[in-house]
Amino acid sequence: MIDVTDGDFEAEVIGADLPVLVEFTADWCPPCRQMGPVLKALASEEGDRLKVVQLDVDANPETTNAYKVLSMPTFMVFRGGEPVKSMVGARAKRRLLEELADVL
């Protein structure tokens, strides 16, 4: 799983060939920390179909504000440089995979 910033969001997410799942996260957010192992597993299992990245909302306010992210964790799927799906809150890997099925 890759950490992205305001500086490389364009290259890593907008310009990516694969669909990208972005977790908008924060160090102080317990549900965000809970999602860490789920996202690492997802990244290793679905890496050929999906790129998984994290963006720290406190360190990267430009991107956070640009996509109007207010709650953590927020998950956004980008495809072809555009956000195509948004989900808020922690969830089990099985449920996350079900919700991503239509964008993979």
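**A tour from helix 4 to an aromatic cluster**

Start by selecting helix 4, residues 93-100, where Leu96, Glu99 and Leu100 are buried. These three residues sit on the same side of helix 4, because they cover an arc of only 95° around the axis. Keep in mind that this is a predicted model.

Now show what surrounds that side. The buried residues of helix 4 pack against two strands at 74-79 and 82-88, which are strand 4 and strand 5. They also pack against strand 2 (20-25) and helix 2 (30-46). Keep strand 4 displayed, as one of its residues comes up again below.

**The disulfide**

Next, select Cys29 and Cys32. A disulfide joins them, with an S to S distance of 2.3 Å. The structure holds one disulfide, so no second one needs hunting, given the cut-off of 2.5 Å between cysteine sulfur atoms. Look along the S-S bond of Cys29 and Cys32: the angle about it is 80°, and the link is right-handed. Are the two cysteines buried or exposed? Both Cys29 and Cys32 are buried.

**The aromatic rings**

Turn to the aromatic side chains. How many aromatic pairs does the whole structure hold? A search finds three. Two of them are visited here.

Select Phe9 and Tyr67. Their ring centres are 5.7 Å apart. The planes meet at 45°, so this pair is tilted. Phe9 belongs to helix 1 (residues 9-14), while Tyr67 lies in the loop between helix 3 (61-66) and strand 4. The two parts are 58 residues apart in sequence, so the pair ties together separate stretches of the chain.

Colour both residues by accessibility. Phe9 is buried, with a relative accessible area of 5%. Tyr67 is partly exposed, at 24%. Why is Tyr67 not counted as buried? Because buried means under 20%, and Tyr67 has 24%.

Stay on Tyr67 and add Phe78. The ring centres of Tyr67 and Phe78 are 5.1 Å apart. Their planes stand at 85°, so the pair is edge-to-face. This pair also links distant parts of the chain: Tyr67 is in the loop between helix 3 and strand 4, and Phe78 is in strand 4, 11 residues apart. Phe78 is buried, with a relative accessible area of 1%.

Finish with Phe9, Tyr67 and Phe78 selected together. Ring pairs link the three into a cluster. Tyr67 takes part in the tilted pair with Phe9 and in the edge-to-face pair with Phe78.

Technical notes. Residues numbered from 1 in each chain as written. Predicted model: local features only at pLDDT ≥ 70, side-chain atom pairs only at ≥ 80, totals over all residues. Heavy atoms only, no water. Buried < 20%, exposed > 50% of the residue type's maximum accessible area, 1.4 Å probe, protein only. Helix = DSSP H or I, 4+ residues; strand = E, 2+ residues; numbered from the N terminus. Arc of directions from axis to C-beta. Contact = heavy atoms within 4.5 Å. Phe/Tyr/Trp six-rings, centres within 6.5 Å; stacked < 30°, edge-to-face > 60°.
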